[in-house]
Amino acid sequence: MTLIDGKALSQKIRLNVKKEIDVLDSIGITPGLAVILVGDDPASKTYVSMKEKACEEAGIYSIVHKMPSSISQDKILEILDMMNHNDYIDGILVQLPLPKNINTTKIIEAINHEKDVDGFHPFNVGRLVSGLDSFVPCTPLGVIKMLEEYKIDPKGLDICIVGASDIVGKPLLNLLLNAGATVDICHIHTKDLKAHTQKADVVIVGVGKVNLITKEMVKDGAIVIDIGINRLKNGKLVGDVDFENVAPKCSHITPVPGGVGPMTIAMLLENTLQAAKNRKKKKEDN
Ligand code: NAD
């Protein structure tokens, strides 16, 4: 059984990103990321401070707009408009979830799609579905990079994704389909989850339910990617897979923590670097 080391891979990627940024920086282009954080959800605050720190280490200029949950939708739109027109900002990220009184779709649609480093804007979603170049959501992109690193070619594989959210399952479905896999996607209404996971060469789960995937649900030699993040009462972080019992059956498996998690931030840095390179190219073409 091979443990897929997302921590090591993410560090390698972050180093490469930093090297490229140093070169851009030397010619006067410093990638910039604007983060919008609304409210005081503790998990969101933690994610945002991790992103800020990662930007600093990579040499990305970042600004965080922190706003109270009482802020109006119009005020957020106003700040987005400012960021859309700020030439020093290459990427814009709105930390989700937003408070219930805010229309998330409207906010995402207001981001200039050329700065949509989270890949949530319908423009980028549409391009991804069509197999065209686009910004791709960071977590699914991180999963693809892990498969690449471990020489796992999705072409012709039977892949079962468990979890069908807009930010995890659906983009992964499209990425894997575009890469030639046969993809099965399951969700809360799936009648017999085991029937789907059991026949898959690769099981990828992102649900948020401890021990959802047990050893009876995966075939011998399967590859298992665990995107789930759950905090137990004792403070320990675990994924959605019963790791201890599933791992011995697998050819490859990701741990939690140290698997997909660190890849997500590395992909955000890569997407922001890409946005800055696009700015450079645009400048040169003009
Ligand atoms: P979500 O709540 O938006 O979506 C959950 C999905 O799981 C839905 O499609 C739902 O239908 C499905 N689901 C729920 N219960 C199910 C069940 N019993 N059987 C099958 N499917 C079921 O969540 P999300 O934002 O996509 O996040 C999912 C998990 O991934 C969470 O644990 C989250 O913390 C984690 N996550 C991790 C990263 C990372 O960087 N590692 C990034 C994003 C999300």
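# Close-up views of a predicted model

**Figure 1. Asn124 and its surroundings.** With a relative accessibility of 3%, Asn124 counts as buried, because buried means under 20%. The model shown in this and the following figures is a predicted one. Asn124 belongs to helix H5, which covers residues 122-129. Its side chain makes a polar contact with the side chain of Asp116, at 2.8 Å. Which residues touch Asn124 when neighbours within four places in sequence are left aside? They are His113, Asp116, Gly119, Ser134 and Phe135. Asp116 therefore appears both as the partner in the polar contact and in this group of contacts, as contact means heavy atoms within 4.5 Å.

**Figure 2. The largest cavity.** A search of the whole structure finds one cavity of 30 Å³ or more. The volume of the largest cavity is about 30 Å³. Its lining is made up of Ile92, Leu93, Val94, Ile108, Ile111, Asp116, Asp118 and Phe120. Asp116, whose side chain is in polar contact with that of Asn124, is thus one of the lining residues. Strand E4, residues 91-94, gives the largest share of this lining, with three residues. By class, the lining of the largest cavity has six nonpolar residues, no polar ones and two charged ones.

**Figure 3. The second largest pocket.** This pocket has a volume of about 920 Å³. It is lined by 36 residues, and those closest to its centre are Glu114, Phe135, Gln274, Ala275 and Asn278. Phe135 is also one of the residues in contact with Asn124. Which helices each supply at least two residues of the lining? Helix H1 (6-26), helix H5 (122-129), helix H6 (138-149) and H10 do. H10 contributes the largest share, eleven residues. Sorted by class, the lining of the second largest pocket comprises ten nonpolar, twelve polar and 14 charged residues.

**Figure 4. Thr272 in helix H10.** Thr272 sits in H10, a helix of residues 260-285. Is Thr272 buried or exposed? Its relative accessible area is 0%, so Thr272 is buried. Apart from neighbours within four places in sequence, the residues in contact with Thr272 are Pro31, Gly32, Leu33, Ile60, Asp90 and Val117. The helix that holds Thr272 is also the one that gives the largest share of the lining of the second largest pocket.

**Figure 5. The ligand and the residues around it.** The ligand is surrounded by 20 residues, of which Ala164, Ser165, Ile188, Ile229 and Thr264 are the closest. Thr264 falls within the residue range of H10, 260-285. What distance separates a polar side-chain atom of Ser165 from an oxygen atom of the ligand? That distance is 2.5 Å. From the backbone of Ala164, an N or O atom lies 2.8 Å from an oxygen atom of the ligand. A polar backbone atom of Gly208 is 3.4 Å from a ligand oxygen atom.

**Figure 6. Leu77 in helix H3.** Leu77 is part of helix H3, residues 73-84. With a relative accessible area of 22%, Leu77 is partly exposed, because buried means under 20% and exposed over 50%. Residues up to four places away in sequence aside, Leu77 touches Lys106, Ile107 and Ala110. Glu109 stands 32 residues from Leu77 along the chain, and the C-alpha atoms of the two are separated by 10.0 Å.

**Figure 7. Two cis peptide bonds.** Leu96 and Pro97 are joined by a cis peptide bond, with omega about 0°. Pro97 lies in the loop between E4 and helix H4 (104-109). E4 is also the strand that supplies three residues to the lining of the largest cavity. Another cis peptide bond joins Val256 and Pro257, again with omega about 0°. Where is Pro257? The loop between strand E11 (252-253) and H10 holds Pro257.

**Figure 8. Loop residues with positive phi.** Lys151 has phi near 55°, a positive value in a residue other than glycine. This lysine is in the loop between H6 and strand E5 (158-162), and its relative accessibility of 73% makes Lys151 exposed. Asn211, also not a glycine, has a positive phi near 55°. The loop between strand E7 (202-205) and strand E8 (223-226) contains Asn211. Asn211 is partly exposed, at a relative accessible area of 42%.

Definitions and conventions
Residues numbered from 1 in each chain as written. Predicted model: local features only at pLDDT ≥ 70, side-chain atom pairs only at ≥ 80, totals over all residues. Heavy atoms only, no water. Helix = DSSP H or I, 4+ residues; strand = E, 2+ residues; numbered from the N terminus. Buried < 20%, exposed > 50% of the residue type's maximum accessible area, 1.4 Å probe, protein only. 1 Å grid on protein atoms, 1.4 Å probe; cavity = no way out; pocket = protein on both sides within 12 Å on 5 of 7 lines; lining within 4 Å. Points joined across faces, edges and corners; volume = space filled by probe spheres on them. Nonpolar A, V, L, I, M, F, W, Y, C, P; charged D, E, K, R; others polar. Near = heavy atom within 4 Å. Polar contact = N/O pair within 3.5 Å; in protein donor to acceptor, adjacent residues only side chain to side chain.
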